[in-house]
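Q: I have a structure to read and do not know where to start. Can we go through a few features in turn?

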Amino acid sequence: MVRPLQMQMTHVRRGVLDGFIAPLLVLNALLAYSFLYLPIAVLVLFSFSASRYASIWGGFSLEWYAKLFHNPDIAQALLNSLLIAAATTLIATVLGTLAAVGLERVADGRRASHYDAALTLPILMPDIVQGIALLLFFVLVFNGLEYVLDWRPTLGRTTVIIAHTAFAISYVAVVVRARLSGMDKRLEEAAMDLGANEWQVFQRITLPLIWPGVLSGGLLAFTLSLDEFVITFFTSGPGATTLPIQVWSMVKRGVTPEINALSTLMLLASIALVTLSVVLQRRR
Amino acid sequence: MAIWCLIPPAVWLGLFAFLPLGIIIVISLTERGSPLAWQFTLSTYARLADPLLLTVVERSLWMACATTALCLVIGYPLAYFIVQQRARVRTWLYFLTLLPLWANSLVLTYAWMVLLRVDGMADQGARLLGWLGTHESLNWLYTPGAVIVGMVYWYLPFMVYPIYGSLEKFDWRLFEAAQDLGATRVAAFFKVLLPLTWPGVLAGSLLVFIPAVGNFVVPQFLGGAKAALIGNVIQERFLSQPQDWPLGSALALVVMLVISLAIWAYFKFARAGDAVG
Amino acid sequence: MARYAWLGGLVLVIVVVVGVIVAVNSDKTKSLRIFIWEEYIDPEVFRLFEREFGVKVIEDNYGSNEDMRAKLQAGGAVYDLVVPSDYMVVLLRKEGLLLPIDLSRIPNLQYLGVRFRDPPYDPGHRYSVPYQWGITGIGYNKSQVIPPPTRWTDLFEPTRIEPYKNRISMLNDMREVIAAALVALGHSPESTDPQHLAQAQALLLQQKPFLAKYDSESFEDSLASGETVLAHGWSGEIAMAQAQNPDIAFVVPAEGTFAFVDNWAIPKGARQKELAEDFMNFVLRPEISAMIVNHARYASVNEAARAFIKPEILNGPSYAWPEDTKLWWLHDFDDAGRLYERVWLELKGR
């Protein structure tokens with residue numbers, strides 16, 4: 001990719017606004033990052049506040065971090081959130097990529113555009129409606145299973161995972177398709193001309209080329225699942241509380257700075273993860 | 001092979017997205033009860049023709065549009081700025097833009113309340129700068145402005161994400177070529193860069209607009225629950241006493257319809273304005 | 001690219017291993033599953049119960065009666081105990097979602113205060129056992145609100161609330177808010193007369209510009225921090241605000257106010273019915289009831305617990321208010337609720 005900084009300056013015609021562009025961009029970036037990080041600064045700051053209410057400063061204290069490590073509910077919620085997000089990411093990435101690849105192969109035809117539209121449906125549904133709809137769906141299924149097999153499953157982590165994948169697949173598909181549409185088809189065609197079958201082409205040509213898109217979609221699915229609470233509330237059961245659910249029900253009694261402490265730690269963890277992956281990449 | 005690829009997702013979504021949608025449609029055609037009296041009726045749709053509900057839907061759409069527009073205006077230049085940096089700086093800036101998604105959004109909404117409330121940090125800052133007397137307040141919290149701020153904050157990373165993706169793949173030589181042909185940078189932006197990064201802009205707008213329409217958390221907390229948006233109305237119909245699942249379902253279906261229409265209109269507009277394409 | 005695949009494979013393996021560990025690690029001891037409001041019981045009570053009965057207690061939380069009911073209605077989740085408010089007991093019972101209780105297993109019912117015996121919403125305690133109760137009133141900051149409020153009208157009359165514009169909060173609860181307006185106008189808080197409701201709507205719309213917010217969840221937080229100085233709220237929460245900020249006071253409006261009782265109930269499908277009944281009995285032991293009050297600050301229905309409750313709580317909003325106060329119980333409506341629904345939508349929708 002040719003980088004914009006390598007432009008030649010000889011034939012440039014400068015318009016009236018051109019001189020303002022660079023400083024405006026910088027200003028916009030500064031303002032945007034301040035905007036994005038102001039609440040995060042507040043969040044981190046109040047994780048050290050001695051006051052029980054996460055909105056009144058009460059003096060410096062590490063007690064909430066200590067309480068965090070002794071809080072089994074939050075630990076369980078965090079574990080549930082991570083497990084559910086991991087499982088969702090796995091399933092959604094696989095199915096979403098399949099859908100995207102399949103659609104690109106089929107490309108034309110009314111059936112394809114119907115499938116395409118249908119794929120975006122879960123993104124269109126408001127989450128509260130999806131939550132209730134899935135809850136009712138599960139209950140219908142449970143009733144049916146009880147009648148036929150005399151076994152009644154319950155809501156729990158599995159139902160939450162299924163619920164999350166229902167929307168995550170669409171997001172992954174959108175991302176992967178974007179990546180696919182930018183890919184040069186001739187590479188695939190050339191491979192097929194050389195005698196490779198469809199599966200080999202997929203494995204050796206397509207997949208490696210779209211892999212960044214797949215990873216990106218997977219990361220999106222993971223992030224969405226981690227913060228999802230409306231759908232999760234309706235489809236979870238005893239012992240399957242996730243972090244957002246825990247926070248939401250703590251709202252009734254005022255969010256304590258323990259959650260601030262946890263959020264701070266999670267932010268630090270993701271920073272650490274990215275640093276790690278950057279370092280690994282450089283070690284090639 | 002394409003068929004083999006398409007079947008598993010189709011089955012999964014058919015079961016877990018379409019069947020539940022079917023249930024919602026069935027409920028919207030049922031009589032309300034606690035929660036439902038199993039009788040077929042079309043009266044729910046008749047009840048939708050209510051000027052009050054229309055006001056609420058309109059307000060939600062305007063909020064979502066404003067949020068999307070603001071996210072675009074802030075997000076596109078931000079993505080552009082990031083793309084212009086060196087590789088390592090770029091990765092970090094991009095990551096920093098997405099990092100807020102990893103903190104719990106409810107807690108971040110609370111942080112905004114701490115910032116904007118009476119005697120909060122915004123007030124204290126204004127007092128320090130001499131804009132306010134010690135007992136005065138900007139009164140920024142619990143206003144529609146606060147709701148917009150909260151929404152833009154929530155969804156900005158979702159706008160930057162696809163636009164950055166588009167910009168990354170963009171062939172900058174085209175941009176240079178336009179300039180070589182005598183266009184100013186601004187003109188080159190509108191004629192070359194914007195049309196070719198349009199997929200990113202579109203994706204970003206959808207990722208912001210659609211959830212923004214149904215968001216009920218931000219109006220409740222940052223708006224002080226004073227102005228109901230369609231998400232709040234749907235939530236109350238399903239959960240609060242008295243329950244009205246049919247109306248909640250019908251409202252949700254209407255919202256989905258409106259969103260679909262908006263997207264379709266957006267597409268048409270994109271085609272029309274996309275001269276270079 | 002190969003490096004990415006390797007990383008992906010590693011992640012996959014980790015996930016599968018963790019998943020297997022967690023799946024296999026299911027506990028075999030008997031467990032009691034409780035669905036309760038957040039921070040509405042002292043966790044120490046669970047520890048004591050677990051030790052004495054040799055079982056495990058699993059607690060899940062909800063933020064409102066309606067959230068809880070939605071779960072029970074769909075029939076998906078399995079809990080042994082839930083904590084519905086008085087009107088919700090009636091609703092759940094009507095929908096057949098509760099199991100009748102074997103009162104012979106709960107001898108500690110004898111400690112219940114007279115007021116809570118044989119309640120109108122559940123005669124004979126067939127489906128519920130009272131747990132904690134409270135009343136609605138006005139919390140205020142006594143160093144800032146002068147003269148202090150004494151009646152419901154003090155929350156509505158423009159001359160009274162104008163000095164505190166944007167520092168007032170009302171509950172985000174349709175019944176509570178409309179009832180307050182009705183009583184301020186001199187009507188019954190459960191009136192279904194369209195004229196009364198129209199007047200209430202006008203009153204509420206007139207009040208709205210002076211309000212900071214409608215909030216049922218963190219109004220005590222705002223009151224304690226000074227963000228608001230007048231708050232329509234419940235006794236237990238105001239008691240908590242008082243513990244944080246001694247300037248906070250509570251007044252029971254002179255016209256009378258509304259009471260609620262939260263109760264233990266056993267939902268249909270409960271797997272440990274007898275254990276649940278044992279728990280209800282355990283909680284009614286005076287020392288245990290007092291432990292809960294000392295932690296959550298709400299008033300207990302257990303008269304005998306008074307002996308063990310901290311004096312500052314007995315003198316606080318949860319307990320200390322005039323004995324002759326007129327108390328209403330807000331019952332649930334069926335169709336009349338739609339009139340209220342309309343008023344509420346008009347209030348929020350415009």
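Q: How many helices and strands does the secondary structure of chain B come to?
A: Keep in mind that this is a predicted model. In chain B there are 13 helices and two strands. The C-alpha trace of chain B spans about 70 × 70 × 35 Å along its principal axes.

Q: What percentage of the residues in chain B are buried?
A: A residue counts as buried if 20 or more other C-beta atoms lie within 10 Å of its own. Of the 277 residues in chain B, 49% are buried.

Q: How many residues does each of chains B and C give to their contact?
A: The size of an interface is often given as the accessible area lost when the parts come together. Here we have residue counts: 20 from chain B and 27 from chain C. On the chain B side, α3 (51-83) and α12 (230-239) each supply at least two residues. The largest share of that side, three residues, comes from α3(B). By type, the chain B side divides into eleven nonpolar, six polar and three charged residues.

Q: How many residues of helix α6 of chain C are buried?
A: An α-helix has 3.6 residues a turn, so residues three or four places apart point the same way. In α6(C), residues 174-184, eleven of eleven residues are buried. Among them are R175(C) and E176(C), as well as V177(C) and I178(C).

Q: What covers the buried residues of α6(C)?
A: The cover includes β4 (128-141), α7 (194-207) and α13 (337-349), among other elements of chain C. After the helix α6(C) comes G186(C), with a positive phi near 90 degrees.

Definitions and conventions: Residues numbered from 1 in each chain as written. Chains lettered and ligands numbered in written order. Predicted model: local features only at pLDDT ≥ 70, side-chain atom pairs only at ≥ 80, totals over all residues. Buried ≥ 20, exposed ≤ 12 C-beta atoms within 10 Å, placed from the backbone. Helix = DSSP H or I, 4+ residues; strand = E, 2+ residues; numbered from the N terminus. Contact = placed C-beta atoms within 7 Å. Nonpolar A, V, L, I, M, F, W, Y, C, P; charged D, E, K, R; others polar.
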